[in-house]
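Hello,

I am passing a structure on to you, and I hope you enjoy looking through it. Please open it first, and then read my notes alongside.

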Amino acid sequence: MAADYRERAKQKAQARAKRFARRNPGVAELRKLIGEVGGLPADIRRELRPMLKVAGQKALTDARANASWSKRIPRATRLSVSFSKRRAGIALQTNKNRAPHARPHEHQGRGGYFRHPVMGNRRNWVRQKARPFLWPAAAPLMRGIDEQIGQAADEAARKLGFK
């Protein structure tokens, strides 16, 4: 029974990865490069990281502008670049310790309302309008960023001797 569950979970994960690769060919190329090489050498990562940061800078600026209604969210939002096999690529992140209200306001990129207790009193709940800031900033730029990631991965692959 447990083995059957694990097999189904593995198949679902592989299907998810294939869908992601079809939608995001640049990130898929970067992950493939990292997988084939077994990790990028430090000098290639040093060259690749600034290229990827430039690719995501517009999304970061837009996310900070979308969250300008808050004092803490823009300062807590940052761009991270990862070269791990599973999570290679660019990610917009907001530090939950510096801006704990960011996640409820993001509301998974959807509009609408979310509920929360007033001052921690679980008997008194209120509805508050969601104010997504990360998803609207990243959505229109996904394709452009993805192409730039693909180009950067191609450059790195050429430097490693791939054709």
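Below is what I found, starting with confidence and moving on to the packing.

Please keep in mind that this is a predicted model. The chain has an average pLDDT of 83, and 97% of its residues score at least 70. Helix α4 (residues 73–76) has the highest confidence, with a mean of 95, while helix α2 (residues 25–37) has the lowest, at 73. Where pLDDT is low, the predicted coordinates should not be read in detail.

With that caution, α2 is still worth a visit. Its 13 residues span 18 Å from first C-alpha to last, close to the 18 Å expected. Gly26, Val27, Ala28, Leu30, Leu33 and Ile34 are buried in this helix. Just after α2 comes glycine 38, with a positive phi of about 80°.

Two of those α2 residues lead us to the largest nonpolar core, which has 19 residues: Leu30 and Ile34 are among the members that touch the most others, along with Leu40, Leu48, Leu52, Phe83 and Ile149. Helices α2, α3 (42–66) and α7 (142–160) each supply at least two residues of this core, and α7 gives the most, with six. Leucine 30 has contacts that include Leu48, Leu52, Ala88 and Ile149. There is also a second, separate core of nine residues, among them Ala67, Ile73, Ala102 and Ala137.

What about the aromatic rings? The structure holds zero aromatic pairs. Tyrosine 113, however, has arginine 127 over its face, 4.1 Å from the ring centre, and lysine 129 also lies over the face of tyrosine 113, at 5.8 Å.

Best wishes

Terms used. Residues numbered from 1 in each chain as written. Predicted model: local features only at pLDDT ≥ 70, side-chain atom pairs only at ≥ 80, totals over all residues. Heavy atoms only, no water. pLDDT = per-residue confidence, 0-100. Helix = DSSP H or I, 4+ residues; strand = E, 2+ residues; numbered from the N terminus. Expected span 1.5 Å × (residues − 1). Buried < 20%, exposed > 50% of the residue type's maximum accessible area, 1.4 Å probe, protein only. Phe/Tyr/Trp six-rings, centres within 6.5 Å; stacked < 30°, edge-to-face > 60°. Lys NZ or Arg CZ within 6 Å of the ring centre and 35° of its normal. Core = buried A, V, L, I, M, F, W, Y, C linked by side-chain atoms within 4.5 Å. Contact = heavy atoms within 4.5 Å. Lists of a residue's contacts leave out its neighbours within four places in sequence.
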